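User: Could you take me on a close look at one charged pair in this model and the part of the fold around it? I'd like one connected walk, going outward from there.

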Amino acid sequence: MKCVNRLVTDRVLWIYETSGPSRRPPSAMMRSPLLRPSLHHFLSLRLLGTAAPKAVERLAADALPVALNFEDPSAFRVKSFGELLRALGVFQLCSVPVLVNNCGKLMSVARTLLGKRGFALFLRPSVYAQFVAGESEGEITHSMEKMSSLGLRPMLAVPIEEDLGESTGERRYNDNLASMLECVDMSHSNAWSKDPMMQLKITALLSPELCVKLSTLLSEQQYDLDLLVRAMDGEASANKVRVLVDAEYTYMNPALSLVTMAMMKKFNQDGAWIWNTYQCYLKESRSLLLEDVRLSISESFCLGVKLVRGAYMDKERKLANSEGCSEPVHESWEHTNDSYNGSLDILLELISRDPQRYRIIVATHNEESVRRAVQRMGELGIDKDGGSVCFGQLLGMCDHVSLTLAQQGYLVYKSVPYGSVDNTLPYLVRRAQENRTVLQGIRKERDLLRLELHRRLRQGLRQGS
């Protein structure tokens, strides 16, 4: 295996050296300037001695999964009548742009008029219940047990993060750390999942201002990853919970990636316990991914990847325009799709050769990307329940995709925020605004919910007559 990894490393280096001129990515850290390879070149890695024989490839092709059908409302038969009504009502509200764009202001006004308790009573049975698991451990446990009974796995997320100007001091970071550790214990101590995961935002533990300063330094000089690794104390993965570190804004991502890669080198020796997130709406996303593949090979650690399209597009464009810079995000939805699918292909190719070293969560609500992943898994002979590839969607959204995948035996995680109404409100507002394109595209899910609701009403009428 070491020989194969050395060959892969040499091949990747050759790609960087022969791909033509490119700029140094602003998030480059502790690395020499790298060049952007083409997908064609990277996929030729399969020509190394690790590719499956043609006979095996033919067998894999013969065993391709049947086409996934996301058009069947029967996926919602596991939901109660009340859950159907709630989802329909919430999705109808989320489909109104003026409400989504101004939801923060509207909720602030409602909280002022109704008071803290009245506002919580109003929000809890509607938006909160749709997207949040609960506040007490009993409520969370009930939600997780129901999810587990449906074949879905929870990925707990403490909804705390900070942006520039929102820092509240060291005490806040210590409280956040305690919350994160509680999340680890909760994820591990309950029998909700055989392979528990949780999400973490580094800006809940480090000042955003510090992250921006460090990102600026990293764009100007290289950094020795080993220095940060040696500075890290303690142990990770003691409770065998996989930690997925979220990406955030481009002006702080280099610092977040530096910390994440240092944790990977320290803690990912026997498996992918720390994962990094790659935002495919960024023009540099594939270069960053390939850099980290190369780094994981040269530094001998396992690589966990959370692949997303991205959720900060509007703010990234406004910031770039205000500073007179070129936009870091792709010009069109089609380019973002190409970026996502290309990165997905790269990871699946790597996993097909070494499923223990690489793992990915295909975190998307896009049906075509899900179908593509399933198709390629079948072609490459990747086990649907082997653990190297899983799928992820947000709690309360895209259930027709999540439930269909789970019914077909694929590993599916739902991102599950929890906490009080007050603590989760900023999270819900931010997610609504950042995912407005997803929320406005839930017409299909709404239609499927409506079909299931009508079926039950007709069934009730027949039984009553």
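Analyst:

**Aspartate 246 and its surroundings**

With a relative accessibility of 10%, aspartate 246 counts as buried. Please keep in mind that we are looking at a predicted model. Lysine 306 is likewise on the covered side of the cut-off, since its relative accessibility of 9% makes it count as buried. The two side chains meet in a salt bridge, at 2.9 Å from N to O. This pair ties together distant parts of the chain: aspartate 246 lies in the loop between β3 and α11, lysine 306 lies in strand β5, and 60 residues separate them. Elsewhere, Glu71, Glu367, Glu368, Arg371 and Lys444 are joined into one network by salt bridges that share partners.

Now for the strands around our pair. Strand β3 covers residues 242-245 and runs parallel to β4, with three bridges joining them. One place to look is leucine 244, which stands opposite tryptophan 275 of β4. To get from β3 to β4, follow helix α11 (residues 253-267): the three elements make a right-handed β-α-β unit. The next step along the chain repeats the theme, as it crosses from β4 through helix α12 (residues 285-298) to β5 in a β-α-β crossover that is right-handed. Strands β4 and β5 also run parallel, joined by five bridges, with β5 spanning residues 303-308. Within that pairing, tyrosine 278 has leucine 307 of β5 as its bridge partner.

How many of the six residues in β4 are buried? Six of six: the strand, residues 274-279, is mostly covered. Ile274, Asn276 and Tyr278 lie on one side, Trp275, Thr277 and Gln279 on the other, and all of them are buried, so named because each has under 20% relative accessible area.

Going the other way from β3, you reach β2, which pairs with β3 in the parallel sense over four bridges. Methionine 198 and valine 243 of β3 are bridge partners there. Strand β2 (residues 197-200) is covered on both faces too: Met197 and Gln199 on one side, and Met198 and Leu200 on the other, are all buried. Beyond β2 comes β1 (residues 153-157), running parallel to β2 and joined to β2 by three bridges. Here alanine 157 has glutamine 199 of β2 as its bridge partner.

Back to charges, for comparison with our starting pair. Side chains of opposite charge can pair when their charged atoms come close. By the distance rule used here, the count comes to 28 salt bridges. Arginine 77 and glutamate 452 form one of them, with their side chains meeting at 3.8 Å, N to O. That pair also links distant parts of the chain, 375 residues apart: arginine 77 is in the loop between α3 (54-62) and α4 (81-94), and glutamate 452 is in helix α19. Glutamate 452 is buried, because its relative accessible area is 1%.

Another salt bridge joins lysine 116 to aspartate 422, whose closest N and O atoms are 3.5 Å apart. Again the partners come from distant parts of the chain, lysine 116 from helix α6 (residues 103-131) and aspartate 422 from helix α17 (residues 421-434), 306 residues apart. Lysine 116 is exposed, as its relative accessible area is 55%. Aspartate 422, at 27% relative accessible area, is partly exposed.

Is there a charge worth a second look because it lacks such a partner? Glutamate 445 is a good one to inspect, in helix α19 (residues 443-464). Glutamate 445 is buried but has no salt bridge; lysine 79, the nearest side chain of opposite charge, is 6.5 Å away. That distance falls outside the 4 Å cut-off, so the two do not count as a salt bridge. Apart from neighbours within four places in sequence, glutamate 445 is in contact with Phe76, Phe91, Met397, Cys398, Asp399 and His400.

Finally, a word on cysteines. How many disulfides does a search of the whole structure find? Zero. Cysteine 280 is buried, with a relative accessible area of 0%, whereas cysteine 325 is partly exposed at 42%.

Definitions and conventions. Residues numbered from 1 in each chain as written. Predicted model: local features only at pLDDT ≥ 70, side-chain atom pairs only at ≥ 80, totals over all residues. Heavy atoms only, no water. Buried < 20%, exposed > 50% of the residue type's maximum accessible area, 1.4 Å probe, protein only. Helix = DSSP H or I, 4+ residues; strand = E, 2+ residues; numbered from the N terminus. Pairing = 2+ DSSP bridges. Right-handed = clockwise from strand over helix to strand, strands pointing away. Lys, Arg positive; Asp, Glu negative; His and termini not counted. Contact = heavy atoms within 4.5 Å. Disulfide = S-S within 2.5 Å.
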